[in-house]
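Work through the exercises below with the sequence and the coordinates open. Try each task before reading its solution.

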Amino acid sequence: MLAVVFGGCKPGKPSAGREEMVLNQRLEANIQTLDPADVGDTSSDGVCREFCESLYAYDYLKRPHQVVPELAAAMPDISEDGRIYRIGVKQGVYFHDDPCFAGGKGRQLTAHDFVYAFKRLANVRVQSKNWYIFDGRVVGLDDFRNYTKTCEKDKVDYSRPVEGLYAEDDFTLVIKLHRPWPQLIFWLAFLPTAPMAREAVDYYGPDIILHPVGTGPFVLKQWHRGVYLEAVRNPAYREVYYPSEGAPGDAEAGLLRDAGRRLPFIDRVFWRVVVEDQPRWLLLMRGDIDINSIPKDNFGQAVSVVNDLTDEMKRRGMKMQLFDEPSTFWLGMNMSDPVLGSNKPLRYAINYAIDRQRFIEIIQSGKGRLAYGFVPPAMTSYDEGLKDWSPSRFDLQKARAYLKEAEKIHGGPIPKLRLAIGRTGTAQKQTLQFLSRCLTEIGLQIETELYDWPAFLEKLRTSDNQLYFSGWMADYPDAESFLGTFYGPNAPWPNSSNFHNSEFDAVYEQVSVMPDSPRRTELYRKAERIVIEEMPCAFVYHRVGYIIYHDWLDNLKADPYKAEAIGYGQLRYYKVNTQKRTNYRNNVEMKN
Amino acid sequence: MTAYIIRRLMYLAPIVFGVLLVTFVLFTLIGGDISQQIAGKHADAETIAEIRHEYGFDKPLFVGHKPLEGDEAVWESEKEGFILALKNERRTQMEEKAARKAEKSGSRTIEPVKEPQIAEYQAKKEWLSDLFWKRVRDKQSGQAWEMVDFDSQFVAHFTKAFTFRFGRALDRERIGEKILRGIGPSVSLTIPMFFGTLIVSISFALVVAFLRGTVWDHAIVILCVAGMSLPYLSFIIFGQYFFAYRLDWFPIFYAPDQPMGYSVVLPAMIGMVAGLGSNLRFYRTIMLDEIRNDYVRTAFAKGLTARRVLFKHVLKNAMIPIVTSVVLSIPYLILGSLLLERFFGIPGLGYLMFDAVSSRDFFVLNALTFIEALLIAFFTLVADVCYAWVDPRVKFD
């Protein structure tokens, strides 16, 4: 009976049609929204990116990452003083067909759609999570934001001119900045700066979050919230081709076989929301999903001790990619805390007490690299020289000696210190246990605290903490993203260790307006050493990402900047060998 | 009977009020202001203020003070001075606190305090409160009374609940829609599971009660205790791995292209097996109480078959506790099963609840808690009425 009752709501069969190329994706968290202005989490960002594009993007294959035009006609024309950006918008790009447009046909994209989208970020009534991108940067945009505060919701006049943001003609966007901002180009490759069709926002009202009307290679077909999403190829997608140049080794890895072919290859995508690890892993093994990260519990089954796939995985024809994430994890010390802030030897003692190698082996199952500073090896400005110079290492003797000195400064034994972490899973509990054992080993007393994520952020924002385990992952391939987390005026967020150092701040202010150059890299490294020397954080490790997928998936190249969200936002390049998948599924031995 | 039902329905009113009060305290007072969380980690004060306004977090908790005509202009002129005074006051407090803290920890240096931040809406609230008490003191009680603002968070909480308009969830979908959509999948999982468990455990309980003291009885009791001692999660993990993955008899996870009925078979069976231990023991005790009665001996003495005695006489008389437990379970059936739904991807209310807990969506939690409380109160009444139906000795006076 149930079959009859619920049979009515069944969607189109995923494997309809013989030639159709279907990709089965997984999502590890619910999709919150598909409105680029509202996106603030990895899963929503990844999925929304298949529907909406930005002015720029990163070259799919080249490493280190290289910005290339996506909806822009070319790289921006930047004035000599670095303050005026003139960006040509590609002609002949159309929005998805949607009832919000006259006749249901998508209209041509123009520079006005970018102006509207950026002003929408600024509109305080929209409550965008992404206003911080342009906050205090674009001439006149902050005034526009102030103006929106006086308006009623939905009564904001978007035609109100903004001095530093306008369309010179239908296909030229002009942005004027208060001061040079070399990272703007990365933000223009960021999903929240995608163009918006005003028609769509007016038509859908608050339900715009359900209707991504973009220019991307896929069109949303249906979305059952919390369960799955289905997208199909955008039939009107402009001519975009697979890159014909890559990084060294790409040709050997077969990543250039489709060079010059028109994108996308896939006809249909299913994203199934599978939050728990076990069912997600079993679905991968069964061949029902094509790609996954490796859950902690299945790590031993998938990866051998030499960081290669196990024989079982090889028999199944699985493939794996390892990559350095642009991330750094650290034990932060609140510099505004009276015990920690004024006691450098104490911070050094804590730093020397952490056995990083064992931490990576035990807690991270080997998925990490030792951190000597905060700039990760995945970035071009990574400082090889730190390895010999940095005090960021495990040394019990030094730790004990520094602790003695610290007690002298403190005028008695160090009081019990609180050590906090965000999220309350097993991994976090183990992390706390490990770190607190390291610290008690040298004679410190530690009280551990687990908070759920919002509560933890709140603690950081109000500086209501002493020691905390946290980290940072770069938003874009520029170490400036990391430096900002130690800049004085950024305290307490994102500078959650409340680090204040005038020398560092001066260097940061200097580099933050400098375009890329060897001199800038040199200054980055100088700034990093100032931080390490003062030790507001004990840097522990840089995470190594793993991705596992079936061999019927071609053209997959891991993008470290997407980390665990691999395969989110780049599906246009992927290809599926459906015959291989059918064979796998029909082979009972493989399946189990 | 009718009088009894009416009386009981009237008792519901204080219960519902109590529930609303408790949910308000839990989700609004203790849960705290989640505007920061909604605004995202990079949010600025303005966005947060906007969100606070939209969700009504800027309203007074119970009752507040609103400006009268002319007050607004006074506020505008006094604003800056008032905020400055408030800041100074706050700074002095912080400095005293820092001094005490330094003294307590034995540190010689007192940490310099940060510049206190006071948002305009906070300052205005304090200013209005001062004004209100000033008017009360100056015996301008008529004016003070006019200032009382009943448009509070507590009133909004009540209105939402009584009109069943719960508004939008954190992901901006209507909560009503979410809940309505979730009932079907939840019920399609829990109803077969519940009746399966009921039929199997009552039948077994009768047999076991009949065989009391034998090896079979002991073996089944031991199995029941073992089943009760195993964590629920281990049944799920094993069942999913073995029956769905290894043997491939059932789908691993709810597949949108297949009917819901197909996806709920395995979780329903796992739920049945996991619940069997405690249920069987419970019903066995009831049956044993019943089977020791004189009428059972008489029935056997009259030469009735064991099947007739057990299913016709014993079962009928054991109905009271069974009906109670069945009726009282109905609200939980609607709410679904948190873990089963999460592991098998059944998009029901249990899944919704789990999601709301992990994303701190107090709006959804509040709605679900309120609905659940109503259902429990209602079905408790139904259970009481059902007594009369199964047992003529029960009278409503």
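The exercises that follow concern a predicted model.

**Exercise 1. Domains**

Task: List the domains of chain A and chain B, then find how far apart the centres of domain 1 and domain 2 lie in each chain.

Solution.
- Step 1. Start with chain A. Its assignment gives domain 1 (17-51 + 216-320 + 552-592), domain 2 (53-196) and domain 3 (327-543).
- Step 2. Take the C-alpha centres of domain 1 and domain 2 of chain A. They lie 29 Å apart.
- Step 3. Look at the contacts between these two domains of chain A. On the domain 1 side there are 21 residues, and they meet 21 residues of domain 2.
- Step 4. Sort the domain 1 side by residue type. It has 10 nonpolar, 5 polar and 6 charged residues.
- Step 5. Move to chain B. Here domain 1 covers 64-149 and domain 2 covers 175-390. Their C-alpha centres are separated by 56 Å.

**Exercise 2. Strand β15 of chain A**

Task: Which strands pair with β15(A), and in which sense, parallel or antiparallel?

Solution.
- Step 1. Locate β15(A) at residues 417-422. Strand β16(A), residues 446-451, runs parallel to β15(A) and is joined to it by 6 bridges.
- Step 2. Check the other partner. Strand β17(A), residues 467-473, also pairs with β15(A) in the parallel sense, over 3 bridges.
- Step 3. Use one residue to see both pairings. Leu419(A) stands opposite Thr448(A) in β16(A). Leu419(A) also stands opposite Leu467(A) in β17(A).
- Step 4. Trace the path from β15(A) to β16(A). Helix α15(A), residues 426-441, completes a right-handed β-α-β unit with these two strands.

**Exercise 3. Contacts between the chains**

Task: Describe the side of chain A that touches chain B, then place Leu457(A) in the picture.

Solution.
- Step 1. Count the residues. 50 residues of chain A are in contact with 47 residues of chain B.
- Step 2. Find the helices of chain A involved. α1 (2-7), α7 (277-286), α10 (338-341) and α16 (453-461) each supply at least two residues. α7(A) gives the most, with 5 residues.
- Step 3. Sort the chain A side by type. It divides into 22 nonpolar, 16 polar and 12 charged residues.
- Step 4. Zoom in on Leu457(A), which sits in helix α16 of chain A. Beyond four places in sequence, Leu457(A) is in contact with Gly422(A) and Lys41(B).
- Step 5. Classify its exposure. Leu457(A) has 18 other C-beta atoms within 10 Å, so it is partly exposed. The buried class needs 20 or more.

**Exercise 4. Cores and a covered helix**

Task: Identify the nonpolar cores, then explore the surroundings of α16(B).

Solution.
- Step 1. Take the largest nonpolar core. It has 138 residues. Those with the most contacts inside it include residues from both chains, among them Phe118(A), Leu121(A), Leu340(B) and Val364(B).
- Step 2. Note the second, separate core. It has 62 residues, including Ile350(A), Cys438(A), Leu460(A) and Ala527(A).
- Step 3. Inspect Leu121(A) more closely. Beyond four places in sequence, its contacts include Ala37(A), Trp131(A), Phe134(A) and Pro192(A).
- Step 4. Turn to helix α16(B), residues 349-358. It is mostly covered, with 7 of its 10 residues buried. Among the buried ones are Leu349(B), Tyr351(B), Met353(B) and Asp355(B).
- Step 5. Find the cover. It includes α8 (175-210), α14 (319-335), α15 (338-344) and α17 (362-390) of chain B.
- Step 6. Step just past the helix. Arg360(B) takes a positive phi of about 55°.

**Exercise 5. Backbone checks in chain A**

Task: Where do the cis peptide bonds before Pro492(A) and Pro494(A) lie, and are Asp154(A) and Asn498(A) buried or exposed?

Solution.
- Step 1. Read omega. The bond from Ala491(A) to Pro492(A) is cis, with omega near -5°. The bond from Trp493(A) to Pro494(A) is cis too, with omega near 5°.
- Step 2. Place the prolines. Pro492(A) is in the loop between α17 (480-483) and α18 (502-511) of chain A. Pro494(A) is in the loop between α17 and α18 as well.
- Step 3. Read phi. Asn498(A), in the loop between α17 and α18 of chain A, has a positive phi near 55°. Asp154(A), in the loop between α4 (141-149) and β6 (165-169) of chain A, has a positive phi of about 65°.
- Step 4. Decide on burial. Asn498(A) has 24 C-beta neighbours inside 10 Å, so it counts as buried. Asp154(A) has 10 other C-beta atoms within 10 Å, so it is exposed.

Methods
Residues are numbered from 1 along each chain as its sequence is written. Chains are lettered from A and ligands numbered from 1 in the order in which they are written. This is a predicted model: local features need pLDDT of at least 70, side-chain atom pairs count only at pLDDT 80 or more; totals for chains, interfaces and linings use all residues. Two strands pair if DSSP finds at least two bridges between them. Helices (H or I, at least four residues) and strands (E, at least two) are DSSP runs, numbered from the N terminus. A crossover is right-handed if, with the strands pointing away from the viewer, the path from the first strand over the helix to the second runs clockwise. Domain bounds come from an automatic or database domain assignment. A residue is buried if 20 or more other C-beta atoms lie within 10 Å of its own, exposed if 12 or fewer, and partly exposed in between; C-beta atoms are placed from the backbone. Two residues are in contact if their C-beta atoms, placed from the backbone, lie within 7 Å. Ala, Val, Leu, Ile, Met, Phe, Trp, Tyr, Cys and Pro count as nonpolar, Asp, Glu, Lys and Arg as charged, and the others, Gly among them, as polar. A nonpolar core is a set of buried Ala, Val, Leu, Ile, Met, Phe, Trp, Tyr and Cys residues joined through C-beta atoms within 7 Å.
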